[in-house]
Structure formats: structure tokens, C-alpha cells
Amino acid sequence: MVQFRLPKHSQVQKGNVFKATSDSPTLRTFSIYRWNPEDGKNPRMDEFTIDIKESGPMVLDALLYIKNNIDSTLTFRRSCREGVCGSCAMNVDGTNTLACLKHVDDISGPVRITPLPHMEVMKDLVPDLRHAFKQYASIKPWVQNPDDPKRERKQSKEDRAKLDGLWECVLCFSCTTSCPSYWWNGDKYLGPATLLQAYRFIADSRDTKTKERLDSLEDPFSLYRCHSIMNCTNTCPKGLNPAKAIGSIKKMMVER
Ligand code: SF4
Ligand code: FES
């Protein structure tokens with residue numbers, strides 16, 4: 001049988017262990033991916049045991065506690081700490097999610113935290129999202145309408161409702177990085193987050209560039225590499241349905 005192994009310098013090794021300093025009943029252990037591009041060493045999993053009564057209940061609280069009290073070099077993105085900015089996306093306990101929305105109590109046993117999968121890592125839990133954001137920019141994520149109204153453009157309640165389930169996306173890329181199709185074809189396939197955003201503007205009654213938007217997705221890769229695997233919808237920490245948005249674009253392609 002064929003065996004696949006990571007190259008030697010990429011194999012994840014056992015890292016440092018930081019033991020608890022008390023015997024509180026609310027101790028929890030966090031196993032966290034560490035990699036520093038500047039030290040030339042392999043990635044490793046460090047283990048921190050902390051009292052979540054002191055840190056706070058969410059995974060992001062624990063990470064902040066560890067950074068502030070145990071190892072200030074631990075690197076991750078965060079800003080709003082309430083599921084709005086999308087920056088704290090990472091893989092927690094095997095699922096891509098927002099660390100600030102994930103309760104430690106919802107996870108049994110040691111909490112394993114790694115960066116979003118199949119992205120290049122810049123340091124520790126920080127993935128390189130430059131390519132993903134370039135793809136996002138490619139769909140022109142703004143209302144295009146040559147009219148120059150003197151006031152805001154109005155929408156009927158029904159047209160406004162068509163944007164529900166789309167505008168809430170915080171661009172965390174949890175969905176995109178959970179998608180096997182994106183893992184293999186991410187250079188040309190736009191992935192669920194960007195396609196959900198594309199549909200958000202296609203569905204907007206104020207936008208007049210529907211034809212151009214559909215034209216730009218009409219090739220073998222940008223849209224059609226979606227095979228409805230559904231990982232995107234299952235993982236979205238905001239409860240959105242990118243697979244449905246992609247299906248709606250495909251339907252419009254067929255019908256036009
Ligand atoms: S659809 Fe959900 S998982 Fe995907 S980027 Fe938006 S909020 Fe994140
Ligand atoms: S810190 Fe903003 S979404 Fe988690």
C-alpha cells in the first residue's frame with residue numbers, strides 16, 4: 001500500500017509542555033500548533049494546561065490567556081471577539097470555526113488547535129490569506145450601477161430579504177479551507193466564501209451587472225469545481241449556506 005509522508009522538515013513534532021500551576025477542577029489542556037518561519041525548526045504541538053475559570057469560556061479567551069500569561073510569542077489573529085470581524089478563524093477540535101464563538105465546554109478532552117487547513121502558514125495559527133482575498137476582490141464585491149442617484153437606492157422588503165443568509169458572511173474562510181475541491185484547485189476555483197459573496201451581489205436588486213458577473217464565472221474552474229461536497233455549509237460558524245448560494249448561481253447559469 002502506498003504510504004504518504006510529509007517531507008522531514010514539515011513533520012509536526014511534540015513541543016513544549018506547560019503544566020498547570022493549580023489543581024482546580026476547571027483545568028483544560030490545549031494542544032496548539034506552533035511554527036516560526038525564522039527559527040528553521042519543524043512545526044510542533046505545544047501543550048498548555050490552564051484554568052478556564054481564569055481565562056474565560058471561549059477558545060479565544062484561552063488563547064489570549066496563554067499569550068498574556070505563559071507564552072507571549074503565540075501568534076494568532078483576532079479583533080472583535082464576537083464573531084463579526086472573521087479574523088480568528090482556525091481549526092479547533094477538527095472543525096474550522098471562529099475561536100471567539102467556540103465554547104471550550106463544547107469540546108471533550110484536550111483542545112487541539114491548528115491553523116485553517118491547506119493554507120500556507122505565516123506563523124503559528126496565522127494562515128496566508130492573500131490569495132483568497134485576491135480571489136474575493138476579483139468578483140468586484142460592491143454594488144455596480146451606473147445610475148447616479150441623489151439619494152440612497154431603495155429596495156422593496158422582498159428584494160432586501162433576498163440578501164438574508166448572504167450579508168452576514170464575515171469572510172473568515174472557514175468554508176473555503178474546509179473544501180476538498182479548493183484544496184486541490186484553489187489556484188483557479190474561487191471557493192465557497194468568494195462564491196457566496198459573488199451571489200450576494202448577483203442577488204442584489206440594486207446591482208445592474210448580473211450578466212457580467214455570471215459571464216466572469218463561466219469557465220471550467222471558477223464556479224464549476226464545486227461538487228456539492230457540503231463541508232462549507234457544515235462548518236460555517238455563522239450558520240450560513242454557501243453551498244446553496246453556489247447552487248443558485250449554477251441555476252442562473254443554466255436558465256439564462
Ligand atoms: S460563508 Fe461562513 S464560513 Fe464562509 S467565509 Fe462566510 S462566515 Fe465564514
Ligand atoms: S475575533 Fe472577530 S470573529 Fe473572532
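Helices and strands here are DSSP runs, at least four residues long for a helix (H or I) and at least two for a strand (E), numbered from the N terminus. On that basis the protein has nine helices and eight strands. Keep in mind as you turn it around that this is a predicted model. Its C-alpha atoms fill a box of roughly 65 × 50 × 30 Å along the principal axes, and of its 256 residues 33% count as buried. Look at contacts between residues at least 6 apart in sequence, and 67% of them join residues at least 24 apart.

Let's start with the broad layout. The domain assignment splits the protein into domain 1 (8-127) and domain 2 (130-255). Their C-alpha centres sit 30 Å apart. Where the two meet, 14 residues of domain 1 are in contact with 11 residues of domain 2. On the domain 1 side, strand β5 (residues 95-98) contributes the largest share of the touching residues, four of them. That side of domain 1 is made up of eight nonpolar and six polar residues, with no charged ones.

Now for the inside. The largest nonpolar core has 55 residues, and Val59, Met90, Ala99 and Tyr199 are the ones with the most contacts inside it. Quite a few elements chip in: β2 (27-34), β3 (44-51), α2 (59-69), β4 (89-92), β6 (111-114), α3 (130-138), α6 and α9 (242-255) each supply at least two residues. The biggest giver is α6, with seven residues. Since domain 1 (8-127) and domain 2 (130-255) both give residues to this core, it lies between them.

Val59 is a handy place to zoom in. Setting aside neighbours within four places in sequence, Val59 is in contact with Val92, Ala99, Lys102, Val104, Val111 and Ile113. Val59 also belongs to the buried set of α2, along with Leu60, Ala62, Leu63 and Ile66. These buried residues cover an arc of only 160° around the axis, which puts them on the same side of α2. The general logic is simple: an α-helix has 3.6 residues a turn, so residues three or four places apart point the same way. What covers the buried residues of α2 includes β2, β3, α1 (52-55), β4 and β6.

Over in domain 2, α3 gives you another helix to look down. Which residues of α3 are buried? They are Ala132, Gln135 and Tyr136. Viewed along the axis of α3, the buried residues fall within an arc of 105°, so they line one face of the helix. Those buried residues pack against α6. Flip to the face turned away from the buried side and you find the exposed residues Arg130, Lys134 and Ala137. Just after α3, Lys140 takes a positive phi of about 55°.

Helix α6 turns up once more at the ligand. There, α6 (residues 191-202) gives the most to the shell around ligand 1, with three residues. The shell has 14 residues, of which Cys169, Cys172, Cys175, Ala193 and Cys236 come nearest to ligand 1. By class, the shell comes out as 12 nonpolar, one polar and one charged.

Back to phi for a moment. Most residues other than glycine have a negative phi. Against that background, two loop residues are worth a click. Arg81, in the loop between α2 and β4, has a positive phi near 55°. Arg81 has 18 other C-beta atoms within 10 Å, so it counts as partly exposed. Leu171 likewise has a positive phi, near 55°, and lies in the loop between α4 (157-161) and α5 (180-185). With 19 C-beta neighbours inside 10 Å, Leu171 is partly exposed; the cut-off for buried is 20 or more.

Last stop, the start of the chain. Leu6 lies in the segment before β1 (13-18). Is Leu6 buried or exposed? Leu6 is exposed, because it has 10 other C-beta atoms within 10 Å, and the limit for exposed is 12 or fewer. Between Leu6 and Phe18, 12 residues apart along the chain, the C-alpha separation is 27 Å.

Conventions
Residues are numbered from 1 along each chain as its sequence is written. Chains are lettered from A and ligands numbered from 1 in the order in which they are written. This is a predicted model: local features need pLDDT of at least 70, side-chain atom pairs count only at pLDDT 80 or more; totals for chains, interfaces and linings use all residues. A residue is near a molecule or strand if its C-beta atom, placed from the backbone, lies within 6 Å of it. Ala, Val, Leu, Ile, Met, Phe, Trp, Tyr, Cys and Pro count as nonpolar, Asp, Glu, Lys and Arg as charged, and the others, Gly among them, as polar. A nonpolar core is a set of buried Ala, Val, Leu, Ile, Met, Phe, Trp, Tyr and Cys residues joined through C-beta atoms within 7 Å. Domain bounds come from an automatic or database domain assignment. Two residues are in contact if their C-beta atoms, placed from the backbone, lie within 7 Å. The arc is that of the directions from the helix axis to the C-beta atoms.
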